[in-house]
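I sat down with this one and kept notes as I went. Here they are, in the order I looked things up.

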Amino acid sequence: MTPFNLTQFYADWATILPECFLLLWACVITGAAVLGRTDESKSGTFAIWTIIGTLATAVWVAVTQDGAAFGGTFVFDRLAVVFKEVILAGVILTAAASVGTVSRLRAHRGEYYGMILFSAVGMMLMVSATELLTLYIALELSTVTLFVLAAYHKTNRKSAEAGLKYVILGGISSAILLYGVAILYGLTGTTELARISQGIQRQFMASGSFPPGLALALLLILAGFGFKLALAPFHMWAPDVYEGAPTPITAFLSVASKAAALAAFLRVFFVGGQPAQLIWIQAIAALAALAMIVGNATAIVQTNIKRMLAYSSVAQIGYMLVGAVALDPWGATSISYYAMAYLFANMGAFVCVIAFAERTGSEEISDFSGLSRRSPILAGFFALFLLSLAGVPPTAGFLAKYYVFAAAIQKGYLWLVLVGVATSVVALYYYATVIMKMYFPAEQTEGGFPVARTLTIVLAVSALGVLLLGILPGPVVDWIKAAAQSFVPPT
Amino acid sequence: MADQFIFWVAAIVAIIAAIRVVILKNAVLSVLHLIVTLIALAVLFLQLSAEFIAALQIIVYAGAIMVLFLFIVMLLNLRKDEFGRDQLPWLRLLGTLAGAAFLAELISLIGGGRVMAATVPDGFGSVRSIGIALFGEYMFPFELTSLLLVAAVLAAVVVARRKSSNEVDAAPPAGSEGEA
Amino acid sequence: MLELDKLVKLVGDGIEAVVTALGLGPTWVTLVQLIVAALVVVVFAALVVLFLVWWERKVSARFQMRLGPMRVGWHGTIQTIADALKLLQKELITPANVDRGIYFWAPVVTFVAAMAVYVTVPFGKGLIVRDLNIGILYILSITTFTVIGLLMAGWSSNNKYALLGGFRSAAQVVSYEVPMALAIVAVVMLTQTLSMGEIVSQQAKFYQWYIWRQPLGFLIYLVAATAECNRTPFDLPEADSELVAGFVTEYSGMKFAMFFLAEFLNMFTVAAIATTLFFGGWNGPFLPSWMWFLIKTLAGVFVLMWFRWTYPRLRVDQLMSFAWKFLLPLAFINIVLTGLGIYIFRP
């Protein structure tokens, strides 16, 4: 054991300052709500200010602190900064988009924001974890509150069902993930990713083959992450949960929680599993192809807009993983960039659904018909986000797809890119169907409606993100690329 | 020899009980068999000179978690006719196949001969060595678990807490929200 | 001096000689030694229970200005034996709607759990079956099975009183186990060991008894232990005026006797643990060590009986909130105080 070192102690705690700050206010908001000592309508404002404060602390830490803390179980590297910022952006947008939903809750309004913040703490820890136990516990922290949030309308059957399904499948996927982690620990004697990588390499050097069980371990971990990312064929829970959960939570689930899981995935496979790439890269390519095909094909037949977006997000994860087959900094960059583009587009799309459902009480695709007359602003935003999801220039979605495909082609995965392009066309079909319905309705529907102010702001921010990332990608890509180069070991 | 004998008894008991957990229809019996499995596992931990873990296994699982399980299962008092028809019979086949594949992989893993016995360092499995690991190398994840528990408790409170009386009074009539 | 450790060693060596003479290895020696030790403990436990039952009746009677059993033997001393014989002859009735498997195993689980604790109880100098290095933790883990036995009994009886009794007892035991374990943790912080033998040897002198350094811990332990044994004022699981006989309502004959045995054994167990942890175990002047152990433990049992005739029964909600809202925070405070004490008086 190393002796206690006060400087190191302060440095360690300074590194997790953003998480501590967020946690403190999460506790305050939840505690105040549980004790009933607060005007619950203010909780949302508090939550947003908390996250802005956390962002500020995170920036401060990124500037002043560097590197690993707590004996290498936690790092605040550039990748962590990128994904923490993505997650916090997702949380802010979710919190802002929740105002209407929360005001219509009959109870537990304040706790709602507290739960979101707790989940955000877990996600932020997750993207910084470089050790499998920390990673697992952070993952649980981020999901345990999401279970409750998914079932927040607990008198609604669908919401309750969503919560229950999420709990059960979340539990199973955690068990599978842990099984893989346990085998990996048995093989290498450590849970630190860098040392796992060294251990695998050493055993490979010594015997010329991978240790038996490594494939099993990596596949189990992959399956565990597959559940968290809603990657086909582990996506069965996603449509039901997405449909039943309150829509802001659906957006949160599909954006922030996926970004966190993706960052963890990058660390585990790009760092820990890097020497064993022969084992998992084919599997990931296959899963990515499957996700793109299954997600897009099933999305076509959906009649509920949330279910359609759920299947579309299954496909989107498939596209992101296309970048993972290129096991190099460029691959990591393309994935991170895709995650950002997806954040704004998907968040925006779900906020459009919220705005629409708040006024009309419907989530059916057919009811979107003629929206361009009833609310031109909303229709315009929705069309923009759908186009970005489909990957049409000049939106961010186009560049994102371009980058991941380019990364895969460099490594010779032409077939995968062909699958990706083909399914993109399919995707364009169902996204365009919705847009067509909005702008060229079969019959005229009457009744214009305004969009709530906070939602308009969220929509505007998301749209700005989608357009800026699409038109001026340079600085962001450079930033992400520097992050990717710092953590992907040279091949 | 005695070690071998104890190992085989505990291992076989654990496996049989675990299988019965899955196949028994009576939920209470399933939970009781799960307890048997956990005890058998504790015996195996003892054989691996992890006495502390074995004792904790029994206190935490058999003593706390399983008692709660029993409580809930007994309160629900599910009877056979409440299960309804088996909706996805092919899933059972699929599960068996997946289990068999997993077993085969594990057998090949252990039978491959590359897994070798390691000598146990002095004081292995003692309270002291576990304490040093928890508060040294694994301090951060260990502290995180407390955070996880707090979040889980708060989440459970939010789910379980009934509406307080003033909230009920202020509520709009039933059916306006969430009953869709 | 009437110390028994020589005798134990003699018997152990004798077994070793005989078994080795039969041509069997050291494994068998250990096995036979353990079996003999187990038999001795079982016989001892049976005797203890016989005595405790008689004593409880006598003490209760005296508290109520009665004489208690006087007819069979001198002051009713062999009354319990007569009762036990009567009980053994009773017909074993299995009610029609019970869940047979669970109904059968429930008393077995409870009884075995109550007995298995004695593996690591130091009855006297050299009188400990196995001085496990996780001693006190082992005891805590074994006693948890009692709850499972009670739940099994309550549920399988298919009787509402039995079920309510089982549930009440499980909720109670699980709740009070937490402060009890935390009280023990505070002692273990001082002892730096979990082994019962070592804990006793650390308290050789009167002033070294841990009660002087853990008064609060002892009080918490005492209250929690009373609840663990389902004794008054925490006897809700078998509150006869409300629940007939709680979880044992549907049990008769030998099976009832097993629950009864387990109950009295648990009482002796918690007193024995208190003796070991707080009162120096078998240490004491003049008298042989096992006698000191018995004196201290029986004094502890007497306190439990004394409680029974002093305090009225609690309500269920009072019981729960007392455990979680008062005893548990107190136990945490005790741990913090102990830690501070260790820090301040560190060498």
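The entries below go from ground rules to chains, then contacts, helix pairs and odd backbone spots.

**Ground rules**

I am working with a predicted model, where local features need pLDDT of at least 70, side-chain atom pairs count only at pLDDT 80 or more, and totals for chains, interfaces and linings use all residues. Residues are numbered from 1 along each chain as its sequence is written, while chains are lettered from A and ligands numbered from 1 in the order in which they are written.

**Chain A**

I looked up the secondary structure of chain A and got 21 helices and two strands. Helices (H or I, at least four residues) and strands (E, at least two) are DSSP runs, numbered from the N terminus. The radius of gyration of chain A is 22 Å, close to the 23 Å that the globule rule gives for 491 residues, so chain A is as compact as a globular protein of that length. For my own memory: that radius is taken over C-alpha atoms, and the rule is 2.2 Å times the number of residues to the power 0.38.

The C-alpha trace of chain A spans about 75 × 55 × 40 Å along its principal axes. I found that 59% of the 491 residues of chain A count as buried. Buried means that 20 or more other C-beta atoms lie within 10 Å of a residue's own, exposed means 12 or fewer, and partly exposed is in between, with C-beta atoms placed from the backbone.

Next came contacts (C-beta atoms, placed from the backbone, within 7 Å). Among contacts in chain A between residues at least 6 apart in sequence, 81% join residues at least 24 apart.

**Chain C**

Chain C has 13 helices and zero strands. Its radius of gyration is 21 Å, which agrees with the value near 20 Å for a compact globule of 347 residues. I noted a span of about 60 × 60 × 40 Å for the C-alpha trace of chain C along its principal axes. Buried residues come to 44% of the 347 in chain C. Of the contacts in chain C with a separation of 6 or more, 76% are between residues 24 or more positions apart.

**Who touches whom**

Which of the two touching pairs of chains has the most contacts? That is chains A and B. Their contact takes 37 residues from chain A and 31 residues from chain B. On the chain A side, α2 (17–35), α6 (109–128) and α7 (132–150) each give two or more residues, and α7(A) gives the most, with 10 residues. By class, that side of chain A has 20 nonpolar, 11 polar and six charged residues. My key: Ala, Val, Leu, Ile, Met, Phe, Trp, Tyr, Cys and Pro are nonpolar, Asp, Glu, Lys and Arg are charged, and the others, Gly among them, are polar.

I then checked chains B and C, where the contact takes 18 residues from each of chain B and chain C. On the chain B side, α2 (27–47) and α3 (51–76) give two or more residues each, with α3(B) giving the most at 12 residues. This side of chain B divides into 16 nonpolar, one polar and one charged. Chains A and C share no contact, and their closest C-alpha atoms lie 16 Å apart.

**Two helix pairs in chain A**

I went back to α2(A) and found it packed with α6(A) at an angle of about 160 degrees, with axes 8 Å apart. Axes are lines fitted to C-alpha atoms, for helices over the stretch in contact, and angles run from 0 to 180 degrees between N-to-C directions. So α2(A) and α6(A) are roughly antiparallel (under 35 degrees is roughly parallel, over 145 roughly antiparallel, 65 to 115 roughly perpendicular, the rest oblique). Residues that meet there include A:Leu22 and A:Trp25 from α2(A), and A:Leu117 and A:Phe118 from α6(A). That contact has 16 nonpolar, three polar and two charged residues.

The second pair, α8 (residues 157–188) and α11 (residues 237–244) of chain A, packs at about 140 degrees with axes 8 Å apart. That makes α8(A) oblique to α11(A).

**Odd backbone spots**

A cis peptide bond joins A:Pro393 and A:Pro394, with omega about 5 degrees. A:Pro394 is in the loop between α17 (376–390) and α18 (396–410) of chain A.

B:Ser49 is not a glycine, yet has a positive phi of about 50 degrees. I located B:Ser49 in the loop between α2 and α3 of chain B, and B:Ser49 counts as partly exposed, with 14 C-beta neighbours inside 10 Å.

C:Phe286, also not a glycine, has a positive phi of about 65 degrees. Is C:Phe286 buried or exposed? C:Phe286 is exposed, with 7 other C-beta atoms within 10 Å.
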